[in-house]
Amino acid sequence: MPISKQSFRGSGSLIGMVYRPLRYEQMMRAAEAYDVRARRMFGGMGVYTGEKMFAFLVGEDIGLKLCPEDVEQAMQIPGAGPMRPDKDAEPMREYVRMPREVLDNLDSFTYWVERSAGYARRKLSNTA
């Protein structure tokens, strides 16, 4: 699983290593309007808006949590599929692994991130 690696130095010594999926910066930039934070989990990273996770990053893959209508539409994009934390895991319910065609196109990627984060926000407001 490809990951990026950053090291931090303090007082001249190595403090620790931070592992981030390769598309972490891309995801955080596209979702910055939603006041997002990320947390490591299941060998990848969950991305949250408020208390709701709406994206999962692992390696070079990004899975977005989508409403049923958007799942149906996204699954029609060539290369899209169910998101799995690893190859042997069950698919994550409501998450679509976005294809490279979407990830490599800023406008398309931003559209789907907004759909996903908006869905998470609506679910959060319905539980409040």
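Which residue of β6 stands opposite Ala-55? Leu-64 does, and the points below work outward from that pairing.

1. Basis of the note. The model is predicted: local features need pLDDT of at least 70, side-chain atom pairs count only at pLDDT 80 or more, and totals for chains, interfaces and linings use all residues. Residues are numbered from 1 along each chain as its sequence is written, and side-chain values use heavy atoms, with hydrogens and water left out.

2. Overall make-up. The chain contains 4 helices and 8 strands. Both kinds of element are DSSP runs numbered from the N terminus, with helices being H or I of at least four residues and strands E of at least two. Along the sequence the order of elements is β-β-α-β-β-β-β-α-β-β-α-α.

3. Surface and contacts. The chain has 128 residues, and 41% of them count as buried. Buried here is under 20% relative accessible area, exposed is over 50%, and partly exposed is in between (1.4 Å probe, protein chains only). The accessible surface of the chain is about 7,600 Å², with 49% of it belonging to carbon and sulfur atoms; such areas come from the Shrake-Rupley method with a 1.4 Å probe, and for residues only the protein chains shown count as cover. Among contacts (heavy atoms within 4.5 Å) with a separation of 6 or more, 48% are between residues 24 or more positions apart.

4. The sheet. An open sheet is formed by 6 strands in the order β3-β4-β5-β6-β8-β7, with antiparallel pairing. The edges are β3 (36–41) and β7 (81–82); each has a single partner strand, so one side of each is left without a neighbour in the sheet. Two strands are taken as paired if DSSP finds at least two bridges between them. Strands of a sheet pair through backbone hydrogen bonds, either parallel or antiparallel.

5. Strand β5 and its neighbours. Strand β4 (residues 44–49) pairs with β5 in the antiparallel sense over 5 bridges, and Gly-46 stands opposite Phe-56 in β5. Strand β5 (residues 52–58) is also joined to β6 by 4 bridges, again antiparallel. β5 and β6 make a hairpin with 2 residues between them, and Gly-59 in the turn has a positive phi of about 55 degrees.

6. Strand β6. Of the 5 residues in β6 (residues 61–65), 4 are buried. Besides β5, this strand pairs with β8 (residues 95–97), antiparallel over 3 bridges. Lys-65 of β6 stands opposite Tyr-95 in β8.

7. A salt bridge at Lys-65. The side chains of Lys-65 and Glu-94 form a salt bridge at 3.6 Å, N to O. Lys-65 lies in strand β6 and Glu-94 in the loop between β7 and β8, so the pair ties together parts that are 29 residues apart in sequence. Lys-65 counts as buried at 16% relative accessibility, and Glu-94 also counts as buried, at 18%.

8. A salt bridge at Glu-51. Salt bridges, defined as a side-chain nitrogen of Lys or Arg within 4 Å of a carboxyl oxygen of Asp or Glu, number 7 here. One of them joins Glu-51 and Arg-37 at 3.7 Å, N to O. Because Glu-51 lies in the loop between β4 and β5 and Arg-37 in strand β3, the pair ties together parts that are 14 residues apart in sequence. Glu-51 is exposed at 62% relative accessibility, whereas Arg-37 is partly exposed at 34%.

9. The network around Arg-23. Salt bridges link Arg-23, Glu-60, Arg-100 and Asp-104 in a network. Within this network, Arg-100 and Asp-104 form a salt bridge, with their closest N and O atoms 3.7 Å apart. Asp-104 counts as exposed at 51% relative accessibility, while Arg-23 counts as buried at 12%.

10. Surroundings of Arg-23. Arg-23 is in the loop between β2 (13–21) and α1 (24–30). Leaving out residues up to four places away in sequence, Arg-23 touches several residues, including Leu-57, Gly-59, Ile-62 and Leu-103. A polar atom of the Arg-23 side chain lies 3.3 Å from the backbone oxygen of Glu-60. Arg-23 and Asp-61 are 38 residues apart in sequence, and their C-alpha atoms are 7.5 Å apart in space.

Terms used:
A polar contact is a pair of N or O atoms within 3.5 Å; within protein, one must be able to donate a hydrogen and the other to accept it, and residues adjacent in sequence count only if both atoms are side-chain atoms.
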